[in-house]
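Grab a pencil and work through these exercises with the structure open beside you. Try each task before you read its solution.

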Amino acid sequence: MPPKLRIVDLHKRYGHLEVLKGINLEVQWGEKVVLIGPSGAGKSTLLRCINFLEKPSAGHIYLDGELIGERPANGGYAHLGERELAVTRARIGMVFQRFNLFPHLSALENVAIGPYRVLSKTKAESERIAAALIEKVGLGAKANAFPERLSGGQQQRVAIARALAMQPSLMLFDEPTSALDPELIGEVLQVIRQLAAEGMTMLIVTHEVNFAEDVADRVLFVDDGVIVEEGSPQAILRSPQHTRTRSFLRAVLER
Amino acid sequence: MTSDAFAFWRIFFARLPVFLPVLLKGALTTVEITFASLVVAIVLGLLLALLRHARVPILSGLATAYVDLLRAVPVLTTLFIIYFGLAYLGVRLSSFAAAITGLGLLGAAYMAEIHRAGIESIHRGQREAALSLGMTPATAMRYVVLPQAFRVVIPPTANYAIGLLKDTAVVSTVAAPELLFAAKTLVSQTLLPMQIYLLAALVYLSLSLPLARLAHYVEVRLSRGG
Amino acid sequence: MGAVLAVYGEYLGRWLPPLLRAAVVTLELAALSIAVGLILGLVVALMKMSHLGALRRAAGSYIEVIRGTPALTQIYIVYFGLAGIGIRLDNFTAAVAALGINTAAYMAEIYRAGIESVHKGQREAALSLGMTPARAMRYVVLPQAWSVVLPPGTNLAIAILKDTSLASAIATPELMSRAYDLVGQTWRPMDIYVLAALIYAAMCLPLGLLVRRLERPARRGEVEEPGGPRRRIGLRGPWTAVGTKGAGGKGEAGGGAAAAPGRMT
C-alpha cells in the first residue's frame, strides 16, 4: 500500500527568497506527524503547498500514490487549474491558525456548507452531517450561534468540524492553537487527540511540545526550509541530536 | 427698488401652488432617472469588479482602463458624447435614455471601485478556508466572499446614490424633463430666477436629506452588529 | 487609410488650439474655486468645531444644504438668481463663487475628519506645554492633520476640475463651452466631445495617480476580529468621490486615509 502522502524534493521560492529547500517526506496511513521549528522556517508554507494554496516551485506531491496538483505536459509538468485543484482539496482537510470561520453563517451552516455546496448533498443531509459533527466536537448547544458569539476555542472546534464534514482522508493543522488564549487551548487539543485516536492521518504544525509528545508518531524539526532532524517524539524532544534542534527546544521549553 | 423686490416675492408666493406641481413632476423624473441609473451602475459595476479579478489579463486590463478613464471625464462630457455624438452616428436616444445610459455607465465605474474595495476587504483567510474545503474559486466567491462583501458595500453605495441624485441635474442640459430642467423652463416663463431656483434647491434637499439620514442610519446599524 | 489620418490630422490641427486655450480657462476656474474652497472650508470647519452652538449649527446647516443640492443648481442661483435680484456677476466670477462655496462645504468635512484623526492626546500634550488652543492647533494638530487631509483633498480637486464643465451652462468660456461652440460650427459632435473628454482625462489622470501615491503609506485600516470582521473600507483608487453627500457633518466611510466626503462628477 502506497503511503498516504509522499513529498519529493519540494521547493518553494518567493522571488529570490527560497522558503522550502528540498523537502522529502512520507506519511503513512493513520500516522500523526508533528512539525516543530522556529517561525519562518517554512512549516506553514509546507502545509499550504500540500493543499496547493501555494503552488510549489519544484518537486512533486503524491496523495495515495497519485500525483496531485500537476499533470505532465511538454516534457515537464504543468500546474492544474483551480477547478481541478478544488477536487484534490476536497480530499484534504485544513484547519487554520485564525480559524477563518465564515462570519455570515452560523456554526451549523459553516460545517454544512462543504457537503452542501461542494459535495452537492441536499440541504437536509448536509445539516444532519453538520449537526452530528458539531455534537462530536462538543458544541451541540451552540449550533445556531454565529462565529462572533463564540470564543476562540469554540470557533476553532467548529473549524475542525467544518473540515471533517468533507470526510477527508488527511488533515492538516496549521498552528491550530497559536491564536488562542491559554485556557482555551486544552479544549481544541482534546478534539485533535480524539481525532488522532480514531485513526486520522494528520500533519500538525504546533508549538505545543507536550501535545506533540502525546499525539505524534513522528516529530520533524524544520528549520530554514529543510527537515533538520526527524524521529519519534521521545527521540527528538528528549534527546535531540542536532545542535539546532537542541537550541530551539531549549528556547521553547524555557517558556 | 425695495418695493419691486418684495413684489417679486409676493408674486412668487401667490403663484406657488402652480409652480410646485411643475417642479414636483420634474422631481419624479429625477427620481426615476436616479433609480434606473443606479440599477445599471450597480449591476454593471459588479460585473466590472469581477472582470478585474478575471484570469484573462486583457479583460481585467480593459476593465481597469474603463474605470480609470470614465472617472477622469466630467459627467457633462460623457452625456454629450452619448446624446449628441451617438445621434451624429445615427443612434438617436431620447434625453431620458441618454441620461440613464450616461449616468449608468459612469456610475458603473464608481460602483466597480466600491465593489472591488468591498471584495478586497474580505480577509484573505476567508477565501483560503473556502478553497481548502474544495470549493472552486467561483463557488468560494459566490457563497463566501460576496455575501460578506455585500454588507461592506452598502454604506458607500448609499452615499453614491445620493451623489447620483444630484448628478441628474446635469441632464437638464440635454433637456431631459427632470427637476432642474423644469425649473429652467419655469424661470424663462416667469422671470423669477432666484425664487424658482431656490425652490428647486429646496425640493432637491427634501429628497437628499432624508436619504442621507437613512444612509447614515444603515451604516451605523451595519457597523454595530447583526 | 493614410488619407483618413491626414484628414483627421488637419481637423486636430484646427480644433486643438482653441480647445487647449479653453482648457487653460478650465484650469484657472478650478484653481480659483479650489482656493476659495480651501479658505472658506477651513473657516466653516473651525466654526463647526467651535464651542458656540450658534456657530456650530450655522456651519452644520451650510454643509448640509450645500452638499444636499446639485452644483449646477447652485451655479444657476448665483448667476441667474442674483441677477434676478439685481446683483449681476459675469459668468466667470459666478462660476468661481458657486464652485468655491460648493467646495468649501466638502472641504470642511475633510478638514474636520483630518483634525479629528489627530489623537486627542496630541492637543493635550500641547496644551500642557503651555500653548494656547490656537497655538496648539497651528503647530501641533494641523500639521499632523495635513497628511490625512491630502488624499481626499486631492480627490476633491479632481472633482472640481470636472465640475468646471458645469459652468458651460452659463456660457463661461471654459472647455465644454468651447467644444459646444465648435460643434455648432463643424457639426462633428462625436469627434469634438471625445477630444474634449481626452483633454479632461489628460488633466485628471495625473492627479489621480498622485492621489494613489499619497494614499499608499496610509493603507486602509484593517481591524481583525476573529469573529466577524466588519471592516470600514477605505476606497483606494483615484477618485474616491463617494462620501456622505448631504449627510452634512456626519461620519464618512473612513478607512486608512482615503474615503473622501467628495462628490461624484
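Before we start, one definition: the domain bounds used here come from an automatic or database domain assignment. Keep in mind, too, that this is a predicted model.

**Exercise 1. Two domains in chain A**

Find the domains of chain A, say how far apart their centres lie, and describe where domain 1 touches domain 2.

*Solution.*
Step 1: Start with the bounds. Domain 1 of chain A covers 5-91 + 170-253, and domain 2 covers 105-167.
Step 2: Now the spacing. The C-alpha centres of domain 1 and domain 2 of chain A are 25 Å apart.
Step 3: Look at the contact between them. On the domain 1 side, 10 residues take part, and they meet 10 residues of domain 2 of chain A.
Step 4: Ask who supplies the domain 1 side. Helix H6 (residues 182-197) of chain A gives the largest share, four residues.
Step 5: Sort that side by class. You get eight nonpolar and two charged residues, with no polar ones, on the side of domain 1 that touches domain 2 of chain A.

**Exercise 2. A four-strand sheet**

Trace the open sheet of four strands in chain A and work out which strands sit at its edges.

*Solution.*
Step 1: Write down the order, which is E2-E1-E4-E5 (chain A), with antiparallel pairing.
Step 2: Check the ends. Strand E2 (17-27) and strand E5 (66-67) of chain A are the edge strands, as each pairs on one side only.
Step 3: Find what packs on the sheet. Helix H1 (residues 43-50) of chain A touches E1, E2 and E4 of chain A, and its direction makes about 65° with that of E2(A).
Step 4: Zoom in on E1(A) and E2(A), which are antiparallel and share eight bridges. Here Arg13(A) has Glu18(A) in E2(A) as its bridge partner.
Step 5: Look at the turn. The hairpin of E1(A) and E2(A) has two residues between the strands, and Gly15(A) there takes a positive phi near 65°.
Step 6: Go to the other neighbour of E1(A). Strand E1 (residues 5-14) and strand E4 (residues 58-63) of chain A run antiparallel and are joined by five bridges. His11(A) stands opposite Ala58(A) in E4(A).

**Exercise 3. A six-strand sheet**

Which strands of the six-strand open sheet in chain A have one side without a neighbour, and why?

*Solution.*
Step 1: The order is E8-E9-E10-E3-E11-E12 (chain A), and the pairing is mixed.
Step 2: Strand E8 (92-95) and strand E12 (226-231) of chain A are at the edges with a single partner strand each, so one side of each has no neighbour in the sheet.
Step 3: Ignoring direction, neighbouring strands of this sheet are turned by 20° against each other on average.
Step 4: For a parallel pair, take strand E9 (residues 170-174) and strand E10 (residues 201-205) of chain A, joined by five bridges. Met171(A) stands opposite Met202(A) in E10(A).

**Exercise 4. A helix pair in chain C**

Decide how H7(C) and H8(C) are oriented, then list what meets at their contact.

*Solution.*
Step 1: Helix H7 (residues 175-186) and helix H8 (residues 189-215) of chain C pack at about 160°, and their axes are 9 Å apart.
Step 2: Angles over 145 degrees count as roughly antiparallel, so H7(C) is roughly antiparallel to H8(C).
Step 3: The crossing of H7(C) and H8(C) is right-handed.
Step 4: Residues of H7(C), including Leu175(C) and Leu182(C), meet residues of H8(C), among them Ile192(C) and Tyr193(C).
Step 5: By class, this contact of H7(C) with H8(C) has 10 nonpolar, one polar and no charged residues.

Notes. Residues are numbered from 1 along each chain as its sequence is written. Chains are lettered from A and ligands numbered from 1 in the order in which they are written. This is a predicted model: local features need pLDDT of at least 70, side-chain atom pairs count only at pLDDT 80 or more; totals for chains, interfaces and linings use all residues. Two residues are in contact if their C-beta atoms, placed from the backbone, lie within 7 Å. Ala, Val, Leu, Ile, Met, Phe, Trp, Tyr, Cys and Pro count as nonpolar, Asp, Glu, Lys and Arg as charged, and the others, Gly among them, as polar. Two strands pair if DSSP finds at least two bridges between them. Axes are lines fitted to C-alpha atoms, for helices over the stretch in contact, and angles run from 0 to 180 degrees between N-to-C directions. Angles under 35 degrees count as roughly parallel, over 145 as roughly antiparallel, 65 to 115 as roughly perpendicular and the rest as oblique. A crossing is left-handed if the near helix is turned anticlockwise from the far one by less than a right angle, and right-handed if clockwise.
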